[in-house]
Amino acid sequence: MRCEIAASFLHDPQIVFMDEPTIGLDIIAKDKIRKFLTWLNQEKKVTLVVTSHDLADIVNVCRDLIVIDRGSIVFHDSMDKVADIHGRRRFIDVELSEEIVVSDDRIRVISDQGKKKSFVIDLVEISIDAVISQLSREARIEDMNISGTPIEDIIKEIYSARG
(Lines give C-alpha, C1' and ligand atoms only; values in the text may rest on other atoms or scores of the structure.)
Protein backbone atom coordinates (compact mmCIF):
# COMPACT_ATOMS: atom_id res chain seq x y z
CA MET A 1 0.00 0.00 0.00
CA ARG A 2 2.80 2.45 0.85
CA CYS A 3 4.39 2.04 -2.58
CA GLU A 4 1.05 2.65 -4.28
CA ILE A 5 0.61 5.87 -2.29
CA ALA A 6 4.14 7.03 -3.09
CA ALA A 7 3.66 6.25 -6.80
CA SER A 8 0.46 8.30 -6.94
CA PHE A 9 2.43 11.46 -6.07
CA LEU A 10 5.41 11.03 -8.42
CA HIS A 11 4.21 13.58 -10.98
CA ASP A 12 2.99 16.28 -8.57
CA PRO A 13 -0.74 15.86 -9.19
CA GLN A 14 -3.17 18.60 -8.14
CA ILE A 15 -5.83 16.08 -7.11
CA VAL A 16 -5.57 12.47 -5.94
CA PHE A 17 -8.40 10.01 -5.34
CA MET A 18 -7.65 7.49 -2.61
CA ASP A 19 -9.76 4.46 -1.71
CA GLU A 20 -8.98 3.01 1.73
CA PRO A 21 -5.44 4.47 1.85
CA THR A 22 -4.48 2.82 5.15
CA ILE A 23 -6.18 -0.55 4.79
CA GLY A 24 -3.98 -3.40 5.95
CA LEU A 25 -1.35 -1.15 7.52
CA ASP A 26 -0.20 -1.35 11.10
CA ILE A 27 -0.94 1.53 13.46
CA ILE A 28 2.48 3.18 13.06
CA ALA A 29 2.33 3.03 9.26
CA LYS A 30 -1.23 4.43 9.33
CA ASP A 31 -0.07 7.37 11.42
CA LYS A 32 2.84 8.08 9.06
CA ILE A 33 0.60 7.88 5.98
CA ARG A 34 -2.00 10.20 7.55
CA LYS A 35 0.68 12.74 8.50
CA PHE A 36 2.14 12.54 5.00
CA LEU A 37 -1.27 13.10 3.38
CA THR A 38 -1.97 16.04 5.67
CA TRP A 39 1.42 17.53 4.81
CA LEU A 40 0.78 17.09 1.07
CA ASN A 41 -2.56 18.82 1.37
CA GLN A 42 -1.35 21.71 3.52
CA GLU A 43 2.11 22.31 2.09
CA LYS A 44 1.85 21.13 -1.53
CA LYS A 45 -1.84 22.12 -1.90
CA VAL A 46 -2.76 18.67 -3.26
CA THR A 47 -6.50 18.03 -3.13
CA LEU A 48 -7.24 14.61 -1.64
CA VAL A 49 -10.49 12.74 -2.12
CA VAL A 50 -10.48 9.92 0.41
CA THR A 51 -13.00 7.10 0.71
CA SER A 52 -12.54 4.96 3.76
CA HIS A 53 -14.33 2.75 6.23
CA ASP A 54 -11.57 3.61 8.71
CA LEU A 55 -13.09 6.83 9.96
CA ALA A 56 -9.81 7.79 11.63
CA ASP A 57 -8.51 8.40 8.08
CA ILE A 58 -11.27 10.96 7.58
CA VAL A 59 -10.93 12.61 11.00
CA ASN A 60 -7.14 12.89 10.78
CA VAL A 61 -6.74 13.88 7.12
CA CYS A 62 -9.87 15.60 5.82
CA ARG A 63 -11.25 19.08 6.34
CA ASP A 64 -14.65 18.21 4.85
CA LEU A 65 -16.98 15.26 5.32
CA ILE A 66 -19.20 14.02 2.53
CA VAL A 67 -21.58 11.16 3.24
CA ILE A 68 -22.97 9.34 0.22
CA ASP A 69 -25.95 7.00 0.46
CA ARG A 70 -27.19 5.04 -2.57
CA GLY A 71 -25.26 7.32 -4.92
CA SER A 72 -26.57 10.60 -3.50
CA ILE A 73 -24.78 13.08 -1.28
CA VAL A 74 -26.74 13.16 1.99
CA PHE A 75 -24.33 15.33 3.96
CA HIS A 76 -21.52 17.71 3.04
CA ASP A 77 -19.90 20.10 5.48
CA SER A 78 -16.59 20.93 7.14
CA MET A 79 -15.27 18.67 9.89
CA ASP A 80 -15.34 21.70 12.20
CA LYS A 81 -19.04 22.20 11.54
CA VAL A 82 -19.68 18.47 12.01
CA ALA A 83 -18.07 18.77 15.45
CA ASP A 84 -20.09 21.92 16.25
CA ILE A 85 -23.43 20.42 15.23
CA HIS A 86 -23.03 16.78 16.19
CA GLY A 87 -20.22 16.95 18.73
CA ARG A 88 -21.93 18.90 21.49
CA ARG A 89 -22.34 15.77 23.58
CA ARG A 90 -19.77 14.68 26.08
CA PHE A 91 -19.56 11.28 27.70
CA ILE A 92 -18.31 11.35 31.27
CA ASP A 93 -17.14 8.23 33.12
CA VAL A 94 -16.45 8.86 36.78
CA GLU A 95 -15.44 6.91 39.83
CA LEU A 96 -16.46 8.55 43.09
CA SER A 97 -15.44 8.00 46.71
CA GLU A 98 -19.04 7.11 47.57
CA GLU A 99 -22.38 6.47 45.92
CA ILE A 100 -24.44 9.54 45.07
CA VAL A 101 -27.71 10.32 43.36
CA VAL A 102 -27.55 12.82 40.49
CA SER A 103 -30.84 14.69 40.25
CA ASP A 104 -29.95 17.31 37.62
CA ASP A 105 -31.96 16.52 34.45
CA ARG A 106 -29.17 17.99 32.30
CA ILE A 107 -26.88 15.16 33.42
CA ARG A 108 -28.25 11.94 31.91
CA VAL A 109 -27.10 8.80 33.70
CA ILE A 110 -26.34 6.08 31.15
CA SER A 111 -24.72 3.62 33.57
CA ASP A 112 -24.85 3.41 37.35
CA GLN A 113 -22.65 0.86 39.11
CA GLY A 114 -22.60 2.39 42.55
CA LYS A 115 -19.45 4.47 42.83
CA LYS A 116 -18.80 4.15 39.08
CA LYS A 117 -21.17 6.12 36.87
CA SER A 118 -21.40 7.17 33.24
CA PHE A 119 -23.18 10.29 32.09
CA VAL A 120 -23.92 12.07 28.86
CA ILE A 121 -24.36 15.83 28.70
CA ASP A 122 -25.12 18.41 26.02
CA LEU A 123 -22.65 21.30 26.24
CA VAL A 124 -25.39 23.72 25.21
CA GLU A 125 -27.32 22.78 28.36
CA ILE A 126 -24.52 22.41 30.94
CA SER A 127 -20.76 22.88 31.04
CA ILE A 128 -18.25 20.25 32.04
CA ASP A 129 -17.15 22.54 34.85
CA ALA A 130 -20.71 22.63 36.24
CA VAL A 131 -20.90 18.83 36.16
CA ILE A 132 -17.58 18.48 37.96
CA SER A 133 -18.70 21.03 40.56
CA GLN A 134 -21.95 19.17 41.19
CA LEU A 135 -20.23 15.81 41.51
CA SER A 136 -17.43 17.08 43.74
CA ARG A 137 -19.92 18.68 46.15
CA GLU A 138 -21.40 15.22 46.75
CA ALA A 139 -18.26 13.05 46.80
CA ARG A 140 -14.55 13.06 45.99
CA ILE A 141 -13.80 12.34 42.33
CA GLU A 142 -11.34 9.44 42.26
CA ASP A 143 -11.08 9.07 38.48
CA MET A 144 -12.71 10.69 35.47
CA ASN A 145 -12.70 10.33 31.71
CA ILE A 146 -14.41 12.78 29.37
CA SER A 147 -14.83 11.99 25.68
CA GLY A 148 -16.65 13.48 22.73
CA THR A 149 -19.09 11.84 20.38
CA PRO A 150 -17.26 9.21 18.31
CA ILE A 151 -17.28 9.94 14.56
CA GLU A 152 -18.97 6.57 14.01
CA ASP A 153 -21.96 7.75 16.07
CA ILE A 154 -22.11 11.02 14.13
CA ILE A 155 -22.20 9.12 10.83
CA LYS A 156 -24.96 6.87 12.21
CA GLU A 157 -26.95 9.98 13.18
CA ILE A 158 -26.60 11.37 9.65
CA TYR A 159 -27.87 8.11 8.14
CA SER A 160 -30.63 7.76 10.76
CA ALA A 161 -31.92 11.26 10.03
CA ARG A 162 -32.64 10.12 6.46
CA GLY A 163 -35.07 7.48 7.71
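Buried means under 20% relative accessible area, exposed over 50%, and partly exposed in between. The model used here is predicted.

**Exercise 1.** Classify F36 by its relative accessibility.

*Solution.* Start with the value: F36 has 31% relative accessibility. The cut-offs are 20% and 50%. F36 therefore counts as partly exposed.

**Exercise 2.** Find the aromatic pairs of the whole structure and describe their geometry.

*Solution.* Step one: a search of the whole structure gives two pairs. Step two: take F9 and F36. Their ring centres are 5.7 Å apart and their planes stand at 85°, so this pair is edge-to-face. F9 sits in the loop between helix 1 and strand 1, while F36 belongs to helix 2, so to speak of distant parts of the chain is right: they are 27 residues apart. Step three: take F36 and W39. Here the centres are 6.2 Å apart, with 25° between the planes, and the pair is stacked. These two residues are three apart in helix 2, so about one helical turn separates them. Step four: join the pairs. F9, F36 and W39 form a cluster.

**Exercise 3.** Is F9 buried or exposed? Treat W39 likewise.

*Solution.* F9 has 10% relative accessibility, so F9 counts as buried. W39 has 40%, so W39 counts as partly exposed.

**Exercise 4.** Compare the spread of the protein chain with the globule rule.

*Solution.* First, count the elements: six helices and eight strands. Next, take the radius of gyration, 21 Å. The globule rule gives 15 Å for 163 residues. The value is well over the rule, so the chain is more spread out than a compact globule.

Note on methods: Residues numbered from 1 in each chain as written. Predicted model: local features only at pLDDT ≥ 70, side-chain atom pairs only at ≥ 80, totals over all residues. Heavy atoms only, no water. Helix = DSSP H or I, 4+ residues; strand = E, 2+ residues; numbered from the N terminus. Rg over C-alpha atoms; globule rule 2.2 N^0.38 Å. Phe/Tyr/Trp six-rings, centres within 6.5 Å; stacked < 30°, edge-to-face > 60°. Buried < 20%, exposed > 50% of the residue type's maximum accessible area, 1.4 Å probe, protein only.
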